[in-house]
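Got the viewer open? Here is a walk through the model, one selection at a time.

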Amino acid sequence: MGRVDGKVALVTGAASGIGRGAAVALAAEGAKVVVTDVDEAGLKETVDIIVKAGGTASAHTQDVTSEERWKEIVAATKDEFGALHILVNNAGIGIGTSIFEMSYEDWQRQQRINVDGVFFGVKHGIPLMAASGGGSVINLSSIAGLQGAPGLAGYCATKGAVRLFSKAVALECAQAQMNVRVNSVHPGIIDTAIWQKIPQGGTSALSSNIIQPGANTIDAHAIATAGAPLGYAGIPADIAAGIVFLASDESRYITGSELVIDGGMTAR
Ligand SMILES: NC(=O)c1ccc[n+]([C@@H]2O[C@H](COP(=O)([O-])OP(=O)(O)OC[C@H]3O[C@@H](n4cnc5c(N)ncnc54)[C@H](O)[C@@H]3O)[C@@H](O)[C@H]2O)c1
């Protein structure tokens with residue numbers, strides 16, 4: 001008996017990293033999973049992993065910044081599986097640039113994906129969840145939604161927004177007796193492709209001693225070894241374990257809360 005047997009899940013940004021890990025873990029615990037991303041090839045790989053393991057998954061390309069596309073994705077989920085119980089708003093980007101060098105375009109792009117995308121997911125996903133008898137929304141924030149970091153002010157602004165947005169939506173759902181819980185997850189340094197994409201413009205003020213000279217990449221392991229009390233970076237499965245817990249009825253009394261999975265980074 002899987003921990004989320006019979007439930008239908010939607011995971012955004014599921015072509016890579018934490019989103020893929022969450023989709024695979026939810027499917028392994030019995031959920032039917034709708035996976036979405038802008039990266040079609042990566043999505044196909046995620047579906048292959050799930051199907052090979054005996055799970056059920058369906059893929060749709062989706063840019064989370066499009067409200068129209070969100071409506072289509074929720075409608076497609078209803079058509080395919082008849083319900084929605086678990087929504088993982090995971091798609092996100094990180095732009096590591098000094099705030100004094102950040103273009104307004106980059107600021108807005110990061111806001112649109114990391115914040116507007118979560119807003120649309122909540123706005124269009126929760127009504128179907130309520131109509132399905134209830135469920136659990138899991139929004140990906142970060143330790144950057146709990147603490148500031150130089151060179152990541154724009155990113156911190158998005159992740160702080162996700163943290164408090166989640167709490168307010170949790171209260172609104174509780175007040176309306178929708179039987180929908182809403183929580184945020186706060187990963188520390190997790191070994192995914194995001195670290196190869198971070199310094200995307202200007203001179204990054206982010207841990208500049210760790211950015212490899214001449215390379216558009218950050219060594220997540222070096223940062224984690226230096227900064228995480230456990231001494232190493234996490235892997236997507238570490239975050240997926242928390243997501244499965246929040247998705248399952250084991251967490252039925254948890255809403256408006258934040259789950260920190262960071263190897264001790266924010267304990268200091
Ligand atoms: N890796 C970490 O250390 C870490 C730490 C804290 C928080 N997070 C958060 O976890 C989430 C997942 O990050 P990850 O590390 O797996 O990154 P990742 O880059 O491996 O995966 C992110 C996925 O989001 C997709 N995506 C980007 N823009 C999109 C859009 N407009 N519409 C739909 N999909 C889009 C990408 O194609 C990619 O597949 C993000 O919200 C990130 O901010 C990651």
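Before you click anything, keep in mind that this is a predicted model.

**Stop 1: the ligand**

Select the ligand and show what lies around it. How many residues surround the ligand? There are 30, and the closest are Gly 13, Ser 16, Gly 17, Gly 92 and Thr 192. Now colour that shell by residue class: you get 13 nonpolar, 13 polar and four charged residues. Two elements give two or more residues to the shell, namely helix 1 (17–28) and helix 6 (194–197). Helix 1 gives the most, with three residues.

**Stop 2: helix 1 against helix 8**

Keep helix 1 selected and add helix 8 (residues 236–247). Their axes come within 8 Å and cross at roughly 50°, which makes helix 1 oblique to helix 8. The crossing of this pair is right-handed.

For the contact itself, pick Gly 17, Ile 18, Arg 20, Gly 21, Ala 22, Ala 25 and Leu 26 on helix 1. On the helix 8 side, take Pro 236, Ala 237, Ile 239, Ala 240, Ile 243, Val 244 and Ala 247. Sorted by class, this contact has 11 nonpolar, two polar and one charged residues. Gly 17 may look familiar: it was also listed among the residues closest to the ligand.

**Stop 3: Thr 225**

Next, go to Thr 225, which sits in helix 7 (residues 220–227). Thr 225 has 14 C-beta neighbours inside 10 Å, so it counts as partly exposed. Leave out its neighbours within four places in sequence, and Thr 225 is in contact with Gly 231 and Tyr 232. Want to draw a distance? Try Thr 225 to Ala 237: they are 12 residues apart along the chain, and their C-alpha atoms are separated by 19 Å. Ala 237 is one of the helix 8 residues from the previous stop.

**Stop 4: Leu 10**

Now jump to strand 1 (residues 8–12) and click Leu 10. Is Leu 10 buried or exposed? It is buried, because 33 other C-beta atoms lie within 10 Å. Beyond its neighbours within four places in sequence, Leu 10 is in contact with Val 34, Thr 77, Leu 84, Leu 87 and Gly 125. For a distance to draw here, use Leu 10 and Thr 97: 87 residues apart in sequence and 31 Å apart in space, C-alpha to C-alpha.

**Stop 5: helix 3 against helix 4**

Gly 125, one of the contacts of Leu 10, leads to another helix pair. Select helix 3 (residues 67–81) and helix 4 (residues 104–131). What is the angle between helix 3 and helix 4? They pack at about 25°, with their axes 9 Å apart. An angle under 35 degrees counts as roughly parallel, so helix 3 and helix 4 are roughly parallel to each other. Their crossing is right-handed.

Show side chains for Glu 67, Trp 70, Lys 71, Val 74 and Lys 78 in helix 3; they meet Phe 120, Gly 121, His 124, Gly 125 and Leu 128 in helix 4. The residues of this contact divide into four nonpolar, three polar and three charged.

**Stop 6: helix 4 against helix 5**

Stay on helix 4 and bring in helix 5 (153–175). These two pack at an angle of about 15°, with their axes 9 Å apart, and are therefore roughly parallel to each other. Helix 4 passes helix 5 in a right-handed crossing.

From helix 4, highlight Trp 107, Gln 110, Gln 111, Asn 114, Val 115, Val 118, Val 122 and Ile 126. Their partners in helix 5 are Gly 154, Tyr 155, Thr 158, Lys 159, Ala 161, Val 162, Phe 165, Val 169 and Cys 173. By class, the contact of helix 4 with helix 5 has 11 nonpolar, five polar and one charged residues.

**Stop 7: the loop after helix 5**

Last, follow the chain out of helix 5 into the loop that leads to strand 6 (180–187), where you will find Gln 177. Most residues other than glycine have a negative phi. Gln 177 has a positive phi, near 50°, and Asn 179, in the loop between helix 5 and strand 6, has a positive phi of about 60°. Gln 177 is exposed, with 9 other C-beta atoms within 10 Å, whereas Asn 179 has 15 such neighbours and counts as partly exposed.

Methods: Residues numbered from 1 in each chain as written. Predicted model: local features only at pLDDT ≥ 70, side-chain atom pairs only at ≥ 80, totals over all residues. Axes fitted to C-alpha atoms, helices over the stretch in contact; angles between N-to-C directions. Helix = DSSP H or I, 4+ residues; strand = E, 2+ residues; numbered from the N terminus. Parallel < 35°, antiparallel > 145°, perpendicular 65-115°, else oblique. Left-handed = near helix turned anticlockwise from the far one by under 90°. Contact = placed C-beta atoms within 7 Å. Nonpolar A, V, L, I, M, F, W, Y, C, P; charged D, E, K, R; others polar. Near = placed C-beta within 6 Å. Buried ≥ 20, exposed ≤ 12 C-beta atoms within 10 Å, placed from the backbone.
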